[in-house]
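Student: Hey, got a minute? I'd like to go through a structure with you, starting with the sheet and then moving on to the pockets.

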Amino acid sequence: MSNNPLMHSELFLKELTKVVQSLDLKKIDKISDSLIKLRKNKGRLFFIGVGGSAANASHAVNDFRKLCKIESYSCFDNISELTARINDEGWDHSISGWLQSSFLNKKDSIFIFSVGGGDLNKKISVNIVNSIKYAKKCNCKILGIVGKNGGYTSKKGDYILKIPSYNKKLITPLAESFQTIIWHMLVSNPKLQVNKTKW
């Protein structure tokens, strides 16, 4: 990849275009249908993300609550609870413990935003892996938007959209960018959107 900023911008946008053309639209529709069913059954939606994906999770909660009238939460929005759980239970159980205290049940869904999707063998995002294991015990649906490989999330989730990538150096920025694009696609879907946006 060139150090020329203009060249990089051009390459980035070309890669972005390739991703758009390769998205699994049927999978996005399945996620949408699952969310429609969730709302109909008065279930709750729990967003899970680490790092940049955690910030995306917080934003998504706002949109799904305000625009789609789906009761939604992000597991890391309470910094006091997060740090207490990390201190007392460890990072690996910081999400699953939170889900347990939220009384996760079969009417609910978790929605994972992650680049790698979690990997037990490599000990990456083990807290995401444990959240999926707990969700499975609760018999709730597992939705997600993940990077090219998708890790544990793509193997164990119900409706997981993988963001394709053709350039190893751009996997993270494009995966996190498309989390934003896809959830905005979902909340603007007439079947899901209840309230109009201001602009």
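Student: So what order do the strands of the sheet come in?

Tutor: Keep in mind that this is a predicted model. Its five strands make an open sheet, ordered β2-β1-β3-β4-β5, and they pair in parallel.

Student: Which strands stand at the edges?

Tutor: Those are β2 (72–74) and β5 (159–162). Each has a single partner strand, so one side of each has no neighbour in the sheet.

Student: And what does the twist average from one strand to the next?

Tutor: The average is 15°.

Student: Let's look at one pair. How many bridges join β1 and β2?

Tutor: Three bridges, with β1 (residues 45–49) and β2 paired in the parallel sense.

Student: What stands opposite F46?

Tutor: That would be Y73, which belongs to β2.

Student: Okay, helices now. Which strands does α3 lie across?

Tutor: Helix α3 (residues 52–68) lies across β1, β2 and β3. Its direction is at about 165° to β2.

Student: What about α8, which strands does that one lie across?

Tutor: Helix α8 lies across β3, β4 (141–146) and β5. The angle between α8 and β3 is about 145°.

Student: Switching to pockets, since I might want to look at them more closely. How much space lies in the largest pocket?

Tutor: About 460 Å³. The lining has 23 residues, and G116, G117, G118, D119 and G151 are the closest to the pocket's centre.

Student: Which elements give two or more residues to that lining?

Tutor: There's β3 (109–114), α7 (151–156) and α8 (171–187). The most comes from α7, which gives three residues.

Student: So α8 turns up again! How does the lining of the largest pocket divide into nonpolar, polar and charged?

Tutor: Yes, α8 lies across part of the sheet and also helps line this pocket. By class, the lining has eight nonpolar, 10 polar and five charged residues.

Student: What volume does the second largest pocket have?

Tutor: About 220 Å³.

Student: Which residues line the second largest pocket?

Tutor: The lining consists of K30, D33, S34, K37, L38, N41, K106, K107, D108, S109, K141 and Y159. Helix α2 (residues 25–40) supplies the largest share, five residues.

Student: I can spot some lysines there. How many of the lining residues of the second largest pocket are charged?

Tutor: Seven are charged, alongside three polar and two nonpolar residues.

Student: Great, thanks for the walk-through!

Note on methods
Residues are numbered from 1 along each chain as its sequence is written. This is a predicted model: local features need pLDDT of at least 70, side-chain atom pairs count only at pLDDT 80 or more; totals for chains, interfaces and linings use all residues. Side-chain values use heavy atoms; hydrogens and water are left out. On a 1 Å grid over the protein atoms alone, a cavity is a set of points where a 1.4 Å probe fits but cannot get out, and a pocket is an open set with protein on both sides within 12 Å along at least five of seven lines; lining residues have an atom within 4 Å of a point. Grid points are joined across faces, edges and corners, and a volume is the space filled by probe spheres set on the points. Helices (H or I, at least four residues) and strands (E, at least two) are DSSP runs, numbered from the N terminus. Ala, Val, Leu, Ile, Met, Phe, Trp, Tyr, Cys and Pro count as nonpolar, Asp, Glu, Lys and Arg as charged, and the others, Gly among them, as polar. Two strands pair if DSSP finds at least two bridges between them. Axes are lines fitted to C-alpha atoms, for helices over the stretch in contact, and angles run from 0 to 180 degrees between N-to-C directions. Contact means heavy atoms within 4.5 Å.
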